[in-house]
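Here's a quick briefing to read with the model open beside you. We'll go topic by topic.

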Amino acid sequence: MGISGSDAADGERFSTSDARLVLAELMTGQTGVKITGTAIPDMSDDEIVEVKGLISEYCVAVLPNQPLTPEEHVAFARRLDPITFTPGEVPHPQWPDINEVHLPSTSTLPPSNGFHTDTSFVERTPSYTCLLPRKISSHGGDTVFANQYMAYEALSPVMQRMLKGVRFKHNAAQLKRLDEAPQEPVWHPAVRTHPITGRKAIYITQPSRCNEVEGMRPKESANLLEFLYAHCQHVYAMYRHRWQPNDVVIWDNRCTLHAGVFDHGDEERLMHRVMCQGEAPYET
Ligand SMILES: O=C(O)CCC(=O)C(=O)O
Ligand SMILES: [Fe+2]
């Protein structure tokens, strides 16, 4: 069973209609799925497995009308995968697994933090990030997601072959406490295989954290990364989320780029973020 408009791997894919326990509805052709029908604290283990499958296949899931306490937020994320925390970020004083994304105003800040995958500068990178709003703005402040399976599948077979075995350097940058982050860069495959879906996705992030291709001359490296980072941001592969109170949004960092659109002017915006531990990126 597949979804229309996708490629030959279709037959293998987990489709929204394969979900038996939760209600799942696509929000664009291939990116973003809305999951309803079950209150998060009441989810069974089988429902959690289904939810993980849906997030992994469609990159980002939105679960509306889920009023969670901070403890329930952390407990839910822990059922997806073990919890991790970005080194160099500041834990919430009361709930140390929670990272606050807090902007009282954007009037003096740049309009976006740029498309990125979370915390790629560690050996074992995060699988899921689970975000929920504590204060939303009446305008602006959306979050945008870009499907990196689609970015990979849109490359020519020649480019796909060229990227096989290629690695990118990932380093820490743009953190509240940069001195607490790993000082050594790590090398990850340019294309990674997703452990649940078996699909391949481009694994790149913002230029300040990913600016070297292993073994290439500086100009080759700069041009390839510039091309790929732009290629990874095609609008046809995006879902843009307009926040409502009690939305729970989870994305899969192995196959998704995301960007907060910090255009909420003088209004305050506060999100709680919990992140799950994944595996070291690999390519098959
Ligand atoms: O605040 C947002 O919309 C996204 C922020 C972000 O990049 C994150 O929480 O990892
Ligand atoms: Fe992020």
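Leu 163 makes a handy starting point: this residue sits in helix α4, residues 157–163. Keep in mind that this is a predicted model, where local features need pLDDT of at least 70, side-chain atom pairs count only at pLDDT 80 or more, and totals for chains, interfaces and linings use all residues. Residues are numbered from 1 along each chain as its sequence is written, while chains are lettered from A and ligands numbered from 1 in the order in which they are written. Helices (H or I, at least four residues) and strands (E, at least two) are DSSP runs, numbered from the N terminus.

**Leu 163 and its surroundings**

- Leu 163 counts as buried because it has 21 C-beta neighbours inside 10 Å. The cut-offs: buried means 20 or more other C-beta atoms within 10 Å of a residue's own, exposed means 12 or fewer, and partly exposed is in between, with C-beta atoms placed from the backbone.
- Setting aside neighbours within four places in sequence, Leu 163 is in contact with Ala 190 and Val 191; contact here means C-beta atoms, placed from the backbone, within 7 Å.
- Val 191 is 28 residues away from Leu 163 along the chain, yet their C-alpha atoms are separated by 7.1 Å.

**Helix α1 and the core**

- α1 covers residues 45–58, so 14 residues, and spans 20 Å from first C-alpha to last, close to the 20 Å expected at 1.5 Å a residue (the expected span is 1.5 Å times one less than the number of residues).
- Buried residues in α1 are Glu 50, Val 51, Lys 52, Leu 54, Ile 55, Ser 56, Glu 57 and Tyr 58.
- Those buried residues pack against β1 (23–26), β2 (33–36), β3 (60–63), α2 (70–80), β6 and β14 (248–252).
- Right after α1 comes Cys 59, in the loop between α1 and β3. Its phi is near 75°, a positive value in a residue other than glycine.
- Cys 59 is buried because 30 other C-beta atoms lie within 10 Å.
- The largest nonpolar core has 57 residues, and Leu 54, Val 60, Ala 61, Ile 202, Cys 232 and Ile 250 have the most contacts inside it. Such a core is a set of buried Ala, Val, Leu, Ile, Met, Phe, Trp, Tyr and Cys residues joined through C-beta atoms within 7 Å.
- Ala 61 touches Val 33, Ile 35, Val 51, Leu 54, Ile 55 and Ile 250, not counting residues up to four places away in sequence.
- As a rule, nonpolar side chains tend to be buried together in soluble globular proteins.

**Strand pairing**

- β1 and β2 pair antiparallel over four bridges; pairing takes at least two DSSP bridges between two strands.
- Leu 26 has Val 33 as its bridge partner in β2.
- The β1–β2 hairpin has six residues between the strands, and Gly 32 there takes a positive phi near 95°.
- Strand β8 (residues 167–170) alternates: Phe 168 and His 170 point to one face and are buried, whereas Arg 167 and Lys 169 point to the other and are not.
- β8 pairs antiparallel with β9 (residues 186–189) over four bridges, and it also runs antiparallel to β12 (residues 210–213), with three bridges.
- Lys 169 stands opposite Trp 187 in β9, and its bridge partner in β12 is Glu 212.

**Three loop residues**

- Asn 171 lies in the loop between β8 and β9, and it is partly exposed because it has 17 other C-beta atoms within 10 Å.
- Beyond four places in sequence, Asn 171 is in contact with Phe 121, Pro 185 and Arg 209.
- Asn 253, in the loop between β14 and β15, is buried, with 25 other C-beta atoms within 10 Å.
- Leaving out residues up to four places away in sequence, Asn 253 touches Thr 117, Asp 118, Thr 125, Pro 126, Ser 127 and Thr 129.
- Thr 119 has a positive phi of about 50° although it is not a glycine; its place is the loop between β5 (99–103) and β6.

**Around ligand 1**

- The residues around ligand 1 are Val 101, Asn 113, Asp 118, Thr 129, Leu 131, Thr 143, His 258, Gly 260, Met 271 and Arg 273 (C-beta atom, placed from the backbone, within 6 Å).
- At least two shell residues come from each of β6 (126–135), β15 (256–260) and β16 (269–277).
- By class, the shell has three nonpolar, five polar and two charged residues. Nonpolar covers Ala, Val, Leu, Ile, Met, Phe, Trp, Tyr, Cys and Pro; charged covers Asp, Glu, Lys and Arg; the others, Gly among them, count as polar.

Definitions and conventions. Contact = placed C-beta atoms within 7 Å.
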